Amino acid sequence: MTKNLLKEISNSLRQRTEEKHDYARKMLSEMHAPVRAVKNVRKDWDLLDSPRILSKTYEFENRNFLKNFVEELLAYEDQVNHHAKIYITHQEVTIEVYTKKLNAVTELDYDYAKTADLIYQDVGYYS
């Protein structure tokens, strides 16, 4: 091995944590490898069986909050190309999300849950 190659490997190992995370995510998407299932459940989300699904119902004070939430959530879905079942009744939105190809809850679904919770918090500030 040459000195330059060893130096390059050493530098790549010292990358910041978020760069490593992005690199790993990119590599997984390029390899078309399935995302492994994880066991922890997001706070306030229900884990249903047959198939395993993350589910949560959000309640809204008025329809404007609800509309803004759904609009932001749909934009997020399009951005990450991961879609959930969304049920709307009067002033409630119920989300059911799982990875259909694997018929299981994966990291993508937990990321979706986290983002949905953040969007719900943010909608209250600008509606």
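In the predicted model, residues 24 or more positions apart account for 67% of the contacts in the protein with a separation of 6 or more. The protein holds four helices and four strands, and from the N terminus on these elements follow the order α-α-β-β-α-β-β-α. Of the 127 residues, 27% are buried. The protein exposes about 9,300 Å², of which carbon and sulfur atoms supply 51%.

The four strands form an open sheet in the order β1-β2-β4-β3, with antiparallel pairing. Strands β1 (46-48) and β3 stand at the edges of this sheet; each has a single partner strand, so one side of each is left without a neighbour in the sheet. From one strand to the next, the twist averages 25°. In general, the strands of a sheet pair through backbone hydrogen bonds, in either a parallel or an antiparallel manner.

The pairings may be described in the order of the sheet. Strands β1 and β2 run antiparallel and are joined by three bridges; within this pairing, Leu48 stands opposite Ile53 in β2. Strand β2 (residues 53-59) is in turn joined to strand β4 (residues 92-97) by six bridges, and these two strands also run antiparallel. Here the bridge partner of Tyr58 is Val93 in β4. Five bridges join strand β3 (residues 85-89) to β4, again with the strands running antiparallel. Thr89 stands opposite Glu92 in β4. Strands β3 and β4 form a hairpin with two residues between the strands, and in this hairpin His90 takes a positive phi near 40°.

Helix α4 is placed against the sheet: α4 lies across β2, β3 and β4, and runs at about 5° to β2. The helix also packs with another helix. Helix α3 (residues 63-80) and helix α4 (residues 107-126) meet at an angle of about 140°, with their axes 9 Å apart, and their crossing is right-handed. On the α3 side, the contact is made by Phe65, Asn68, Phe69, Glu72, Leu73, Tyr76 and Glu77. On the α4 side, the contact is made by Asp111, Tyr112, Thr115, Ala116, Ile119, Tyr120, Val123, Gly124 and Tyr126. By residue class, the contact of α3 with α4 comprises 10 nonpolar, three polar and three charged residues.

Leu73 illustrates how helix α3, in which it lies, is connected to other parts of the chain. This residue has a relative accessible area of 0% and is therefore buried. Leaving aside residues up to four places away in sequence, Leu73 touches Ile86, Ile95, Tyr112, Ala116 and Ile119. Of these residues, Ile86 belongs to the stretch 85-89 of strand β3, whereas Ile95 belongs to the stretch 92-97 of strand β4. Tyr112, Ala116 and Ile119 are among the residues through which α4 makes its contact with α3. Leu73 and Ala116 are 43 residues apart in sequence, and their C-alpha atoms are 6.6 Å apart in space.

A second buried position is found in helix α4, where Tyr110 lies. Tyr110 has a relative accessibility of 9% and so counts as buried, the cut-off for this class being under 20%. The C-alpha atoms of Tyr110 and Tyr98 are separated by 9.0 Å, with the two residues 12 positions apart along the chain.

Positive phi values also occur in two loops. Asn81 is found in the loop between α3 and β3, and the phi of Asn81 is near 55°, a positive value in a residue other than glycine. With a relative accessibility of 61%, Asn81 counts as exposed. Asn103 lies in the loop between β4 and α4. Although Asn103 is not a glycine, its phi is positive, at about 55°. Asn103 has a relative accessibility of 46% and therefore counts as partly exposed, since the exposed class requires a value over 50%.

Technical notes. Residues are numbered from 1 along each chain as its sequence is written. This is a predicted model: local features need pLDDT of at least 70, side-chain atom pairs count only at pLDDT 80 or more; totals for chains, interfaces and linings use all residues. Side-chain values use heavy atoms; hydrogens and water are left out. Axes are lines fitted to C-alpha atoms, for helices over the stretch in contact, and angles run from 0 to 180 degrees between N-to-C directions. A crossing is left-handed if the near helix is turned anticlockwise from the far one by less than a right angle, and right-handed if clockwise. Contact means heavy atoms within 4.5 Å. Ala, Val, Leu, Ile, Met, Phe, Trp, Tyr, Cys and Pro count as nonpolar, Asp, Glu, Lys and Arg as charged, and the others, Gly among them, as polar. Two strands pair if DSSP finds at least two bridges between them. Buried means under 20% relative accessible area, exposed over 50%, partly exposed in between (1.4 Å probe, protein chains only). Accessible areas come from the Shrake-Rupley method with a 1.4 Å probe; for residues, only the protein chains shown count as cover.
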